[in-house]
Amino acid sequence: MTHNTPLSPRPLTHLADVHRRVVTTAQLRSHGVTAAELSEQCRPDGPWRELLPNVILLHPGPPTGEEQLHGALLYAARAAEPAVPAQPTAGSPHRPLYADAVLTGLAALAVHGFSSAPPLPAPAPVDVLVPRSRRLRSTGYVRVLRTPDLPAPHTVAGLPVAPVPRALADAVAELTDAEAVRRLLTEAVRGGHCEPAAVVRELTRAKLLGRPHVVDAVDALLAEGRSIAEDRLYRMVGEYGLPDPVWNVDLRLPGGPHLGGVDAYWPDHAVAVELDTRAPRQDDDALWSEYARKREHLERLGITVVYLTPKKLRDSLEQQAAVVRTALMASGDRDPAAYVVVLPR
């Protein structure tokens, strides 16, 4: 039998191309390949080789990056039955190809399209999340991460990958290079992959905010996120025909105390917009209490405060413009607001 010989009367033609190049020993058995034939094909000078335990690369030479990832997932997938039935029939139930296995870390970020993640095939380990109950060890280029909360994967290029915030946290957990961490976190926000709050939430859950180089990167991330949100706010006002506000100002009572800063203010309507760019850190409750006190104080003075989040500005700009427009139009039905002094911030 040569590497060009069909595996059995049931060839792997129903599989995608990469799935015909990397298969499990269970798949091969289901297609009629005996243990002796497998050993012969995987001899040192043979046409096949064992990529990982029970995962076979059906060509000589090194695997491609796609084959690496597919092989890692096949190794980590729950193997209660062959990963793909030999002769699938319409309506026949079978578990997902990569059951209980999710790419994470730098490999997942590369699949998500991060230019700051090492390209594949990667010299670094390929991280795969599996449930904590699984008894599976890291091997070869695969690092198995057992977790009590396996995330619902996103399917990218046919592969189950962790959502960007989780993949970032798992990558950062293994990185000591401050610049590499900063590049990854910045690209996550600048590239529109996710909002800063989601990243910080995952870093907090992973207990990574005690590391100085991570804290520094998070500060840069939050600054980047605020800048992007401000740009979206400027665009919202221009694109949806809202009257021009005064931007980034402090409000004070005449001769009285400082009332707080706002991102946009319409003095003739007594309407303020504030970007809610809070990150979910340990002091989040205290910070929210400060937001609430400021809003309550301003609204007692007759000033309507509209809070907009970066995520809402990214996902529903027109709807947020309608919220602000409604507040402006309603100003004529309210009692006149107290006079406040508006100062540049």
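Me: How many bridges join strand β10 to strand β11, and do they run parallel or antiparallel?

Reply: As a general idea, strands of a sheet pair through backbone hydrogen bonds, either parallel or antiparallel. In this predicted model, strands β10 (residues 258–266) and β11 (residues 271–275) run antiparallel and are joined by three bridges. Within this pair, W266 stands opposite V271 of β11.

Me: Which residue is the bridge partner of V271 in β12?

Reply: The partner of V271 in β12 is T304. Here the strands β11 and β12 run parallel, with five bridges joining them.

Me: What is the strand order of the sheet that holds these strands?

Reply: The order is β12-β11-β10-β9-β13, an open sheet of five strands with mixed pairing. Its edges are β12 (304–308) and β13 (341–344); each has a single partner strand, so one side of each is left without a neighbour in the sheet. From one strand to the next, the twist averages 45 degrees.

Me: Is β12 largely enclosed or largely open, and why?

Reply: Four of the five residues of β12 are buried, so this strand is largely enclosed by the rest of the structure. A helix also lies across this part of the sheet: α12 crosses β10, β11 and β12, and runs at about 175 degrees to β12.

Me: At what angle does α12 pack with helix α9?

Reply: The angle between α9 (residues 212–239) and α12 (residues 317–330) is about 70 degrees, and their axes are 10 Å apart. Angles from 65 to 115 degrees count as roughly perpendicular, which makes α9 roughly perpendicular to α12.

Me: Which residues meet in this packing, and how many belong to each class?

Reply: From α9 come R232, R235, M236 and E239; from α12 come L317, Q320, A321 and V324. By class, the contact has four nonpolar, one polar and three charged residues.

Me: What is the strand order of the three-stranded sheet, and what is its pairing?

Reply: This open sheet has the order β1-β3-β2, with antiparallel pairing. Strands β1 (22–24) and β2 (49–52) stand at the edges with a single partner strand each, so one side of each lacks a neighbour in the sheet. The twist averages 40 degrees from one strand to the next. Three bridges join β2 to β3 (residues 55–57), and E50 stands opposite I56 in β3. Helix α4 (residues 65–76) packs on this sheet, where it touches β1, β2 and β3, and its direction makes about 10 degrees with that of β1.

Me: How should the nonpolar cores be read, and which residues have the most contacts inside the largest one?

Reply: In soluble globular proteins, nonpolar side chains tend to be buried together. The largest nonpolar core here has 56 residues, and those with the most contacts inside it are L103, L109, V128, L168, L185 and L203. Leaving out residues up to four places away in sequence, L103 touches several residues, including L69, L73, V126, V128 and L159. Apart from the largest core lies another, of 18 residues, among them W266, L308, L313 and L317. Two of these names have appeared above: W266 stands opposite V271, and L317 is one of the α12 residues that meet α9.

Me: What do the totals for the chain come to?

Reply: The secondary structure comprises twelve helices and 13 strands. Of the 345 residues, 47% count as buried. Among contacts with a separation of 6 or more, residues 24 or more positions apart account for 61%.

Note on methods: Residues numbered from 1 in each chain as written. Predicted model: local features only at pLDDT ≥ 70, side-chain atom pairs only at ≥ 80, totals over all residues. Heavy atoms only, no water. Axes fitted to C-alpha atoms, helices over the stretch in contact; angles between N-to-C directions. Helix = DSSP H or I, 4+ residues; strand = E, 2+ residues; numbered from the N terminus. Parallel < 35°, antiparallel > 145°, perpendicular 65-115°, else oblique. Contact = heavy atoms within 4.5 Å. Nonpolar A, V, L, I, M, F, W, Y, C, P; charged D, E, K, R; others polar. Pairing = 2+ DSSP bridges. Buried < 20%, exposed > 50% of the residue type's maximum accessible area, 1.4 Å probe, protein only. Core = buried A, V, L, I, M, F, W, Y, C linked by side-chain atoms within 4.5 Å.
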